[in-house]
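Hello,

Here is the structure I promised to pass on. Please open it first, and then read my notes below alongside it.

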Amino acid sequence: MEQVKTTGNDMDDFDDAELEELYSWIDGIPLSRPKRNIARDFSDGVLVAEIVRQYFPQIIQMHNYSPANSTPQKKENWNVLNRKVFTKLGFELGDDVMRDVITAKPGVIEKVLMMLRTKLNRAEWELKKQTQTKSKGGGGRKESDKPEADQYMGSPRGKGMKQDTTRGPDYPSIPKHKIIRSIAESDAVPRILFEEKEQECLAKDETIRILEAKIHRMEHLIHLKDVRIDDLQNRLETMRPTGVRRM
């Protein structure tokens, strides 16, 4: 069972791109109240429960979580989440983490939400895999044991992902996922090796998306610095005494 751990300064564990990606993910989920200060807004656990409900409504009962300002009620909400929900997703929070979340310590809720997002995506993938296995039924090979990248791209969680259009076409008359599937079904490639390579591809796709977000963030920061430099130069010009020429 994985545990979320805290450090001395939890905000130092993230870069701007990771935080921007996390906040964008949260903004894409409809919640019952606006998000102004993420540490305070999530301190009672109610919005976390609402996020889980968006993915798996069958494992969450919202009446168990009451909006709260008092520490005891916040703690009760998090204890229920920890005991009845997080353990089903394969992780848990220690008492120190729950205490830091309840007191709105900066950076801790981000760690919890990043772990939650990872586990929700994993559980969603596993559920899809099981559903496909049941729908195929019968004997013989079960194609659902081999998750396809296009299935994720077509899902509600994957529609916003960009596909790489910079590389030349590979097998233009045959969809790439069908080529991969045919290779996986061949006796020449062990299934476990195929699944390992599939996971490596997914991990690399995630890395690429994070790097793209970092590039976007750095371009934005450069633009802001350029604007700041122009503003300072304009101020300097206005403060320059009349009659003094620039050398």
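A word on terms before anything else: a residue counts as buried when its relative accessible area is under 20%, as exposed when that area is over 50%, and as partly exposed in between. Please also keep in mind that this is a predicted model.

First, the overall layout. The chain has nine helices and two strands, and from the N terminus on, its elements follow the order β-α-α-α-α-β-α-α-α-α-α. Of the chain's 247 residues, 30% count as buried. Contacts that join distant parts of the sequence are well represented: among contacts with a separation of 6 or more, 64% are between residues 24 or more positions apart.

A good place to start looking is helix α3, residues 46-55. This helix is mostly covered, with eight of its 10 residues buried. The buried ones are V46, L47, V48, A49, E50, I51, V52 and Y55.

What does α3 pack against? One partner is α4, residues 71-89; the two helices meet at an angle of about 25°, and their axes are 10 Å apart. Angles under 35 degrees count as roughly parallel, and α3 and α4 are therefore roughly parallel to each other. In passing α4, α3 makes a left-handed crossing. On the α3 side, the contact is made by V46, V48, A49 and V52, while α4 brings N77, W78, L81, V85 and F86. By type, the residues of this contact divide into eight nonpolar, one polar and no charged.

If you look at the spacing of those residues, one general point may help: an α-helix has 3.6 residues a turn, so residues three or four places apart point the same way.

Next, follow α4 to its packing with α5. Here the angle is about 135°, again with the axes 10 Å apart, and that makes α4 oblique to α5. The crossing of these two helices is right-handed. T71, K74, K75, W78, N79 and N82 of α4 make the contact with M98, V101 and I102 of α5. The residues of this contact divide into four nonpolar, three polar and two charged.

Which residues touch the most other members of the largest nonpolar core? They are F42, W78, L113 and L116, in a core of 40 residues. At least two residues each come from α1 (16-27), α3, α4, β2 (91-93), α5 and α6, and α6 gives the most, with eight residues. L113 is worth a click: leaving aside its neighbours within four places in sequence, L113 is in contact with L22, W25, I26, I38, F42, V48 and I51.

Finally, have a look at A104. This residue sits in the loop between α5 (95-102) and α6 (108-136). Its phi is near 60°, a positive value in a residue other than glycine. Is A104 buried or partly exposed? With a relative accessible area of 21%, A104 is partly exposed. Not counting residues up to four places away in sequence, A104 touches A39 and R40. The C-alpha atoms of A104 and S43 are separated by 5.9 Å, although these residues are 61 residues apart along the chain.

Happy exploring, and do write back with any questions.

Best wishes

Methods:
Residues numbered from 1 in each chain as written. Predicted model: local features only at pLDDT ≥ 70, side-chain atom pairs only at ≥ 80, totals over all residues. Heavy atoms only, no water. Axes fitted to C-alpha atoms, helices over the stretch in contact; angles between N-to-C directions. Helix = DSSP H or I, 4+ residues; strand = E, 2+ residues; numbered from the N terminus. Parallel < 35°, antiparallel > 145°, perpendicular 65-115°, else oblique. Left-handed = near helix turned anticlockwise from the far one by under 90°. Contact = heavy atoms within 4.5 Å. Nonpolar A, V, L, I, M, F, W, Y, C, P; charged D, E, K, R; others polar. Buried < 20%, exposed > 50% of the residue type's maximum accessible area, 1.4 Å probe, protein only. Core = buried A, V, L, I, M, F, W, Y, C linked by side-chain atoms within 4.5 Å.
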